[in-house]
Amino acid sequence: MASDTFSVLVFSKTAGYRHDSIPAGIESIRRLGISSGAFTVNASEDASVISFENLSRYAVVIFLQTSGNFINDEQLTGLQSYVRGGGGFVGIHCAADGLKRDPWYGELVGAVFTDHPKPQPGVLTIEDRGHPIVSKLPEKWEWFDEWYNFHTNPRAKVNVLLSINEDAYQGGKMGKDHPLAWCREFDGGRSFYTSLGHFDEAYEDEIFTSHLLNGILWAARKL
């Protein structure tokens, strides 16, 4: 294994709604690691892996569609220690619907999911064209997904990467400013979150997977 190759943990335990696309997501991330040559992947739904000792093996921890109270307080403390030690975090889609009892986790993800309308087409705006996570995405990205609403707008505390115009679809509740993906330096670590990725097809899509790959690389401090 090349010395600059890093390790990624994909954690997908659910204690609430479970997305059918979890296996597709895991396989897609494995393929990204292989095709890029950048990282190797371990995947688990065993919450005992969320400890500082174990997480320290990984440059990035990805919470893929995690939901509900999927880890306990001791495991949350392990995650906090990992992030505070400089670890990278990536949250995908339903990761914003987990651990709503804990304010720190909400800050790690960046916002807390409230609800969504029925899946429908929309047009995403690339907000920070200079950022490597989105620099190669199309100017206007047409996409079909669940468009998440959040309890509060995270813009004041994160670097917004993608947003959506609510006038172009039904069911948005954020108003004129509706972020959907962002990143931030947080509590010693790096955090990237994308609300996209409800359907299996997303994880076969070249544009979406490039967005995901660059988010992982950024969280690992490789971009």
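# Leu79 and its surroundings

Biologist: Leaving aside neighbours within four places in sequence, what is Leu79 in contact with?

Modeller: Ile50, Leu55, Phe63, Trp104, Tyr105 and Leu108. Contact means heavy atoms within 4.5 Å. This is a predicted model, where local features need pLDDT of at least 70, side-chain atom pairs count only at pLDDT 80 or more, and totals for chains, interfaces and linings use all residues. Residues are numbered from 1 along each chain as its sequence is written, and side-chain values use heavy atoms, with hydrogens and water left out.

Biologist: Which residues of α3 are buried?

Modeller: Gln75, Leu76, Gly78, Leu79, Gln80, Tyr82 and Val83. Buried is under 20% relative accessible area, exposed is over 50%, and partly exposed is in between (1.4 Å probe, protein chains only). Helices (H or I, at least four residues) and strands (E, at least two) are DSSP runs, numbered from the N terminus.

Biologist: What covers them?

Modeller: The cover includes the helices α2 (52–55) and α4 (103–109), along with β3 (60–64), β4 (88–92), β10 (179–186) and β11 (189–194).

Biologist: How far apart are the end C-alpha atoms of α3?

Modeller: They are 16 Å apart, which agrees with the 16 Å expected for the 12 residues 73–84 at 1.5 Å a residue. The expected span is 1.5 Å times one less than the number of residues.

Biologist: And what sits at the ends of α3?

Modeller: Asn72 caps the N-terminal end, with a side-chain oxygen 3.1 Å from the backbone nitrogen of Glu74. After α3 comes Gly86, with a positive phi near 105°.

Biologist: Back to the inside. Which residues touch the most other members of the largest nonpolar core?

Modeller: Phe39, Ile62, Phe63, Leu79, Tyr105 and Ile216, out of 76 residues in that core. Helix α5 (residues 206–219) gives the most to this core, with 7 residues. A nonpolar core is a set of buried Ala, Val, Leu, Ile, Met, Phe, Trp, Tyr and Cys residues joined through side-chain atoms within 4.5 Å. In soluble globular proteins, nonpolar side chains tend to be buried together.

Biologist: New topic. Where is Thr14?

Modeller: Thr14 is in the loop between β1 (6–11) and α1 (22–36).

Biologist: Buried or exposed?

Modeller: Thr14 is buried, because its relative accessible area is 18%. Not counting residues up to four places away in sequence, Thr14 touches Ile22, Gln65, Thr66 and Ser67.

Biologist: How many helices and strands does the protein chain have?

Modeller: The protein chain has 5 helices and 11 strands. Buried residues make up 57% of its 223 residues.

Methods
A polar contact is a pair of N or O atoms within 3.5 Å; within protein, one must be able to donate a hydrogen and the other to accept it, and residues adjacent in sequence count only if both atoms are side-chain atoms.
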